[in-house]
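Trainee: Could you pick one part of this model and take me through it closely?

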Amino acid sequence: MPEDGPVGSVDEFEGLRRELQRLRAENARLSRLLELRGQDTAPAPEQLSAPVAAPGLVTMASPVADKLALFADRFRARVDVYAVRWENTRTGAAG
């Protein structure tokens, strides 16, 4: 019987089970390291990867509210990202 059968072999299944156990152990180890550093290890809430409803056409002539709604829709899933203000002390430029 070939190892790469349509259903998969018992050896392949056991290998996947061992890999899952190894990854879980590493995840627990990394979580403990984060806890030692005082960082939150709680899982992030489930994030959407695609907009739920397709936004309407937004152009430069659209009202500000529509532009903000489009921006919020596009970046809704990235609750872990925040804008950062920067300043170049040499030139005084900021953004």
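**One loop residue, then the helix before it**

Mentor: Let's start with S62, which sits in the loop linking α1 (10-36) to α2 (64-74); helices here are DSSP runs of H or I with at least four residues, strands are E runs with at least two, and numbering goes from the N terminus. Keep in mind that the model is predicted, so local features need pLDDT of at least 70 and side-chain atom pairs 80 or more, while totals for chains, interfaces and linings use all residues. Residues count from 1 along each chain as its sequence is written, and side-chain values use heavy atoms, without hydrogens or water.

S62 counts as buried because its relative accessibility is 12% (buried is under 20%, exposed over 50%, partly exposed in between, with a 1.4 Å probe and protein chains only). Its side chain reaches the backbone nitrogen of T59 at 2.8 Å. Leaving out residues up to four places away in sequence, S62 touches L57 and K67 (heavy atoms within 4.5 Å). Burial like that of S62 belongs to just 4% of the 95 residues in the protein. As for the overall fold, you have 2 helices and 0 strands, and among contacts with a separation of 6 or more, 23% join residues 24 or more positions apart.

Now slide back into α1. The whole structure has 4 salt bridges (a side-chain nitrogen of Lys or Arg within 4 Å of a carboxyl oxygen of Asp or Glu). One of them pairs R17 with E14 at 3.9 Å, N to O. These two are about one helical turn apart in α1, because 3 residues separate them. R17 is partly exposed, since its relative accessible area is 41%, and E14 also counts as partly exposed, at 30%.

Further along, R22 and E26 meet in a salt bridge at 3.4 Å, N to O. Both belong to α1, 4 residues apart, or about one turn of the helix. E26 forms a salt bridge with R29 too, with the closest N and O atoms 4.0 Å apart; that pair is 3 residues apart in α1, again about one turn. Add E19 and you get a network of salt bridges linking E19, R22, E26 and R29. Accessibility-wise, R22 is partly exposed because its value is 42%, E26 is partly exposed at 32%, and R29 is partly exposed at 39%.

In the same stretch, L30 is found in helix α1, where it counts as partly exposed because its relative accessibility is 38%.

Notes: Polar contact = N/O pair within 3.5 Å; in protein donor to acceptor, adjacent residues only side chain to side chain.
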